Amino acid sequence: MSQKPANTDLPSQREVLNALSPFVTELTQRHLDSRKLWMPSDLLPAHEQTDAEHDADMQKLRERARGLPDSVRVAVALNLLTEEGLPHFHRLIAIYMGYEGAWATWNNMWTAEEDRHGCILRDYVRDARIFDMRALEQLQYEYIEAGFNPQWQDDPYRLLAYTSLQEKATQTAHANAGRIAGQYDPLLQRILAHISADESRHYAFYRDAFAEVLKQDSNRALAALAAVAPALAMPGHTIAGYAQMSEVERRAGIYGPREYLKLVEDLVRHWTIDKLTGLSSVGRAAQDKLMQLPTRLARIAEYVESKAHTRSFSFDFIYQRAFEMAVGTR
Ligand SMILES: [Fe+2]
Ligand SMILES: [Fe+2]
């Protein structure tokens, strides 16, 4: 990983990150102090002994869930799949940040937290009976089987840039899906709010860790961010139906290029990318690219929106029911 650059006195990226260990331990502690650890069964109880009250609650849950529009179901499926990509991300963080030390401690704790997200969403969709479960499971299988090897060129800074953006993206997608789902089932909104609150704290960790890297190793950090931020590849983006599911989420106003643009703008501002000085030519080129990125992303969002016309979708996991969506409709 991250070989020492030839003919320079620069430490490798991995050495810079290892030197940040005390800071990472601090950020991890801040995270632990601010979280309230919940378990999936706090939100969706499952006792050995069920009683009439529990059965009645399940019945009511299914009745409420029956009202969920297909577009919202698709968003829940996509959010669930994204969470179930956890093996890919745990592996990548372990490879890039190591198996021991402060980063590994964070990775293991983070993985334990993330694992609950896939669990609770799966518990919900199963209890609520909103999918053809076998079709969904088949998709999840393909998503994991597809593997995920992003082009990060052995650069752990790219991983950190990616996770900063990705945590904010998932936070946004869960929060927006929850806001819409709440009109039909407040329990689903509560579940998505719990997940989204976790993602906010994860985001704060990666954002602040990367801020420190930007301070200590500006040129290479900027270059890594400029390589990753123009487009976030997702595991399984090539599997059948993935692009259509993303399109449904975009049309529902849950997550798409607009939301990505906003989070990139927020991060560029938060990291005060424009104020970094004393850069090399590589660092300056990356800084320029990043400062122009919001305009570029806005053009992409406009282009995608300009092509939007009413379109019909159907997915195996909702029994191939066809439904139509214009933009901004549910
Ligand atoms: Fe998550
Ligand atoms: Fe997260």
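The following points comment on a predicted model, taking a helix pair, an iron site and the nonpolar core in turn.

1. Helix α6 (residues 86–97) and helix α7 (residues 102–128) have axes that come within 10 Å and cross at roughly 175°. The two helices are therefore roughly antiparallel to each other, since angles over 145 degrees count as such.

2. On the α6 side, the contact is made by Leu-86, Phe-89, His-90, Ile-93, Ala-94 and Met-97. Their counterparts in α7 are Trp-103, Asn-107, Asn-108, Trp-110, Thr-111, Glu-114 and Asp-115. By class, this contact comprises seven nonpolar, four polar and two charged residues.

3. Glu-114, a member of that contact, also serves as a metal ligand: it coordinates both the iron ion (ligand 2) and the iron ion (ligand 1), which are 3.9 Å apart. For the iron ion (ligand 2), the protein donors come from Glu-114 (OE), Glu-167 (OE, listed twice), Glu-199 (OE) and His-202 (ND1), at 1.8 to 2.8 Å. The sequence spacing of these donor residues is E-x52-E-x31-E-x2-H.

4. The site joins distant parts of the chain, with Glu-114 in helix α7 and Glu-199 in helix α10 (residues 186–216), 85 residues apart. Both of these glutamates are buried.

5. The largest nonpolar core contains 105 residues, and Tyr-124 and Phe-317 have the most contacts inside it. Helix α10 is the greatest contributor to this core, giving 12 residues.

6. Leaving aside residues up to four places away in sequence, Phe-317 touches Arg-73, Val-74, Ala-77, Phe-131, Asp-132, Ala-135, Leu-136, Leu-139 and Met-245. The charged residues Arg-73 and Asp-132 are thus among its neighbours.

Notes: Residues are numbered from 1 along each chain as its sequence is written. Chains are lettered from A and ligands numbered from 1 in the order in which they are written. This is a predicted model: local features need pLDDT of at least 70, side-chain atom pairs count only at pLDDT 80 or more; totals for chains, interfaces and linings use all residues. Side-chain values use heavy atoms; hydrogens and water are left out. Axes are lines fitted to C-alpha atoms, for helices over the stretch in contact, and angles run from 0 to 180 degrees between N-to-C directions. Helices (H or I, at least four residues) and strands (E, at least two) are DSSP runs, numbered from the N terminus. Angles under 35 degrees count as roughly parallel, over 145 as roughly antiparallel, 65 to 115 as roughly perpendicular and the rest as oblique. Contact means heavy atoms within 4.5 Å. Donors are N, O and S atoms within 2.8 Å of the metal (3.2 Å for Na, K and Ca); water is not among the atoms, so sites may look incomplete. Buried means under 20% relative accessible area, exposed over 50%, partly exposed in between (1.4 Å probe, protein chains only). A nonpolar core is a set of buried Ala, Val, Leu, Ile, Met, Phe, Trp, Tyr and Cys residues joined through side-chain atoms within 4.5 Å.
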